[in-house]
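Grab a pencil and have a go at these exercises. Try each task before you read the worked solution below it.

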Amino acid sequence: MRILLDKFTKNFGDLTVIDEMDLEVHDGEMVALLGGSGCGKSTTLFAICGIHKVNGGRILFGDRDVTNITSQERNVGVVFQSFALYPHMDVAHNIGFPLKLRKETSTEIQRKVDEIAEMVHIGPLLKRRPGELSGGQQQRVALARALIRRPDVLLLDEPLANLDATLRLEMRSEIRRIQRETGITAVLVTHDQVEAMSMCDRIAIMDAGKILQITEPSDMYNNPVSDYVAGFLGSPPISFLTGIIQNGSFIEPATGAKIPVRKAIAGSHAGREVRVGIRPEYYQPDKGVMIKGTVSMIEAQGRETLYVVTLPDGNILRSIQGSHSPVKIGDAVNWGIDAEHMLVFDKDGLLI
Ligand SMILES: Nc1ncnc2c1ncn2[C@@H]1O[C@H](COP(=O)(O)OP(=O)(O)O)[C@@H](O)[C@H]1O
Ligand SMILES: [Mg+2]
């Protein structure tokens, strides 16, 4: 079921949290609302869910305008960070509860509970209470309860935030598997870029109540609309340097290095100040335009190692390397920037 937000606006008193947001989630698609704390992700999700009344604009499921109908009538499944299971009920009753409210027969409920429990892999746990389950198992129960009504839309608000790192990894692929198997249209709210990148078809990145960019994860990574978006995606993060465009190159101010830029940028921004972004995989010992600096930090990250190189003016470049580099902290290095992959932003931070 397609979800459409058309000029959706939400105020809390005098505070306008979302101002005329447009968003379309295609049928069967999973979209992440990604952004820092307080940017309006949950507010948007709650409006789609029907918990919040909107102050302007429309919300459509398919072609049906659901703006003014209740949450129950919207047929949505919701999973919150807190799981919100009923502690005194066993797992089967927790999952079947939405159907009981709908007054379905107990045989019918049992059949559906068994079916959904198999799908989310909690069949053997049906007689336990939530207190007897691990965090990951509780999360699966919450998912089962959200899905049992065969909702048109699945809404997930930071569903993995309370899980430890290993479980988070497992549940990331599990939620995606279940979303794909059911073909349900889903919106995932998260502040974790890795979660958004790995789980969703598209990411809508938000700041201060606005969607800055909505596109596929790899496209957002490679073609971010702004330095803000570029900085939000990628771990370790992109590094930024500020300098001037001159004679077809970005002049790195601390070392005087000249990094060629595309013809169009060289023309339109000659003599102007720009900000360039270099991802850690594009600053390497063996290729590109050499930049001298001093190794100031080395961090083993398992398969890869992160090196932080400080330039003479104190700015830093990060380098991520798959093979071990024989350098120590304090060593002078001369490593190269891959000019092809350098992102160039104008003084307002927009990608050129
Ligand atoms: N019920 C509410 N009453 C007043 N302000 C709220 C309420 N809910 C959220 N806000 C405010 O709206 C903004 C967005 O909140 P929220 O959507 O929860 O952000 P996010 O989920 O992105 O962290 C914040 O400034 C928050 O303080
Ligand atoms: Mg939130």
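Keep in mind that this is a predicted model.

**Exercise 1.** Check whether the length of helix α4 (residues 106-119) fits the rise of 1.5 Å a residue.

*Solution.* Start with the count: α4 has 14 residues. The expected span is 1.5 Å times one less than that number, so we should get 20 Å. Now look at the model: the end C-alpha atoms of α4 are 20 Å apart, which agrees.

**Exercise 2.** Work out how the buried residues of α4 are arranged around its axis, and what covers them.

*Solution.* First, list the buried ones: Ile109, Val113, Ile116 and Ala117. Next, look at their directions: they cover an arc of only 105 degrees around the axis, which puts them on the same side of α4. Here's the background: an α-helix has 3.6 residues a turn, so residues three or four places apart point the same way. Then flip to the face turned away from that buried side, where you'll find the exposed Thr107, Glu108, Arg111, Glu115 and Glu118. Finally, the cover over the buried residues includes α3 (91-101) and α5 (135-147).

**Exercise 3.** Find which strands stand at the edges of the sheet, and explain why one side of each is left without a neighbour.

*Solution.* Write down the order of the 4 strands in this open, antiparallel sheet: β2-β1-β4-β5. Now read off the edges: β2 (15-25) and β5 (64-65) each have a single partner strand, so one side of each has no neighbour in the sheet. Further in, 5 bridges join β1 (residues 3-12) to β4 (residues 56-61). To see this pairing up close, spot Asp6 opposite Arg58 in β4.

Note on methods:
Residues numbered from 1 in each chain as written. Chains lettered and ligands numbered in written order. Predicted model: local features only at pLDDT ≥ 70, side-chain atom pairs only at ≥ 80, totals over all residues. Pairing = 2+ DSSP bridges. Helix = DSSP H or I, 4+ residues; strand = E, 2+ residues; numbered from the N terminus. Buried ≥ 20, exposed ≤ 12 C-beta atoms within 10 Å, placed from the backbone. Arc of directions from axis to C-beta. Contact = placed C-beta atoms within 7 Å.
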